[in-house]
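This report describes selected features of one protein model for a reader who is new to structural analysis. Please keep the sequence and the structure in view while reading.

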Amino acid sequence: MNMADRDGWIWIDRQFVPWRDARVHVLTHSLHYGLAVFEGIRAYPTATGLAIFRLDDHLQRLLESAHILGMAHDFDRRSLADACRRVIRRNALDACYLRPLLFLGAEKVGIDPIGTQVHAMVAAWPWRAYLGEQASVAGIRVRISSFTRHHVNAQMCRAKSVSTYSNSILATREAKADGYDEALLLDTEGFVAEGAGENVFAVKNGVLLEPASGSALDGITRRGVLEIATELGVPVVSRRLTRDELYCADEVFLTGTAAEIVPVVEVDRRRVGGGERGPLTAEIQRRYFDCVHGRDAAHLAWLTPV
């Protein structure tokens with residue numbers, strides 16, 4: 001799928017631009033120095049029409065990410081939310097993936113960004129299962145990466161920053177080259193942080209475990225899983241996790257907007273549990289998809305109609 005050669009419209013700086021004309025200059029500051037923030041958001045079909053999942057939460061994180069990185073701008077959550085809905089309607093999309101991005105322009109060059117303008121864009125396109133159509137049932141194989149997740153004072157890890165993902169790219173390429181589906185990264189102290197593009201959970205003796213690591217992103221899907229687990233009466237413990245705890249877990253799964261909820265059946269060539277999707281993972285998946293498709297009345301507030 002060539003992302004540059006497509007029909008459609010992209011919202012840039014409060015106006016729609018034909019997809020093929022949505023371009024920036026080669027001296028755009030963010031292209032050279034990596035200071036930009038983005039979100040990934042999904043819209044799902046429901047019985048009452050297309051709805052965007054946790055739009056306000058995603059846009060709040062986008063604005064907080066820009067604030068963390070000192071990117072002063074005049075885009076507010078309401079206008080960005082309106083842009084997301086309009087992009088979907090303008091492109092006549094059904095289920096789709098949204099990509100809002102705040103980036104620095106080509107007003108100047110040099111590491112110091114003062115004097116550059118913050119620009120905004122929102123694009124949307126159909127995007128199916130990020131880790132493969134069968135992954136949500138069959139599960140995936142992951143490896144612990146030789147690359148370490150950033151220290152909290154080296155990279156602002158609560159910001160969903162473009163620059164963070166060079167670390168993820170290195171880890172992903174390594175994992176794929178070794179025959180795995182995805183990478184897991186440890187933090188600088190050797191404890192489990194997160195996947196290359198997902199949060200990670202483990203299940204042991206009926207308890208849901210999540211890594212207490214400052215190097216992991218505060219995932220929106222992760223937040224939903226924690227709420228669903230609480231509603232199911234599942235004990236949730238947030239603490240440091242070691243890689244060998246993942247080897248010996250009853251279940252492991254990844255969460256993220258693109259990945260959704262994906263069971264992990266093998267870590268570093270060690271089978272996890274029975275080597276198949278576990279019962280708690282399956283139940284959380286079921287509840288999650290009920291929420292995103294509007295079948296769970298208790299969580300309709302998570303959906304924004306298009």
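The side chains of Asp74 and Arg14 are joined by a salt bridge, with 3.4 Å from N to O. This pair connects distant parts of the chain, 60 residues apart: Asp74 belongs to the loop between helix H2 (55-68) and helix H3 (77-90), and Arg14 to the loop between S1 and S2. Asp74 is exposed, because its relative accessible area is 55% and the exposed class begins over 50%. Arg14 has a relative accessible area of 43% and is therefore partly exposed. The model discussed here is a predicted one.

**Salt bridges**

How many salt bridges does the structure hold? The total is 24. Three of them are set out below, each with its N to O distance.

| Pair | N to O distance |
|---|---|
| Arg20 and Asp5 | 2.7 Å |
| Asp74 and Arg14 | 3.4 Å |
| Arg143 and Asp178 | 2.4 Å |

Arg20 and Asp5 form a salt bridge whose closest N and O atoms are 2.7 Å apart. The two residues come from distant parts of the chain, 15 residues apart: Arg20 is in the loop between strand S2 (15-18) and H1, while Asp5 is in the segment before strand S1 (9-12). Arg20 is partly exposed, at 35% relative accessibility. Asp5 is also partly exposed, and its value is 48%.

In the third pair, the side chains of Arg143 and Asp178 meet at 2.4 Å, N to O. Here too distant parts of the chain are linked, since Arg143 is in strand S8 (residues 140-144) and Asp178 is in the loop between helix H5 (164-177) and strand S9 (182-186), 35 residues apart. Is Arg143 buried or exposed? Arg143 counts as buried because its relative accessibility is 16%, and the buried class covers values under 20%. Its partner Asp178 is partly exposed, with a relative accessible area of 37%.

Salt bridges may also be joined into a network. One such network links Glu283, Arg286, Arg287, Asp290 and Arg295.

**Pocket and cavity**

The second largest pocket has a volume of about 220 Å³. It is lined by 13 residues, and those closest to its centre are Arg42, Trp127, Arg128, Ala129 and Glu260. Which element gives the most to this lining? Strand S4 (residues 41-46) does, with three residues. Sorted by class, the lining of the second largest pocket consists of eight nonpolar, one polar and four charged residues.

The structure also has one cavity of 30 Å³ or more. The space within the largest cavity amounts to about 30 Å³. Its lining is made up of Arg42, Tyr44, Phe53, His58, Thr221, Thr257 and Tyr288. By class, these are three nonpolar, three polar and one charged residues. Arg42 thus takes part in two linings: it is among the residues closest to the centre of the second largest pocket, and it also lines the largest cavity.

**Surface features**

On the surface, Val26, Leu27 and Leu31 form a nonpolar patch, and their accessible area together is about 300 Å². Leu31 is located in helix H1 (residues 29-33). With a relative accessible area of 60%, Leu31 is exposed.

Asn153 is another exposed residue, at a relative accessible area of 64%. Asn153 is placed in the loop between S8 and H5. Although Asn153 and Gly214 are 61 residues apart in sequence, their C-alpha atoms are 9.8 Å apart in space.

**Backbone angles**

Two residues deserve attention for their phi angles. Arg54 is not a glycine, yet it has a positive phi of about 50 degrees. Arg54 is found in the loop between strand S5 (49-53) and H2. Arg54 counts as buried because its relative accessibility is 7%.

Asp268, also a residue other than glycine, has a positive phi near 55 degrees. Where does Asp268 lie? Asp268 is in the loop between strand S15 (260-267) and strand S16 (270-271). Its relative accessible area is 10%, so Asp268 is buried.

Technical notes
Residues numbered from 1 in each chain as written. Predicted model: local features only at pLDDT ≥ 70, side-chain atom pairs only at ≥ 80, totals over all residues. Heavy atoms only, no water. 1 Å grid on protein atoms, 1.4 Å probe; cavity = no way out; pocket = protein on both sides within 12 Å on 5 of 7 lines; lining within 4 Å. Points joined across faces, edges and corners; volume = space filled by probe spheres on them. Helix = DSSP H or I, 4+ residues; strand = E, 2+ residues; numbered from the N terminus. Nonpolar A, V, L, I, M, F, W, Y, C, P; charged D, E, K, R; others polar. Patch = residues over 30% accessible without salt bridge, like charges linked within 9 Å, V, L, I, M, F, W, Y side chains within 5 Å. Areas by Shrake-Rupley, 256 points an atom, 1.4 Å probe, with all protein chains shown as cover. Salt bridge = Lys/Arg side-chain N within 4 Å of Asp/Glu carboxyl O. Buried < 20%, exposed > 50% of the residue type's maximum accessible area, 1.4 Å probe, protein only.
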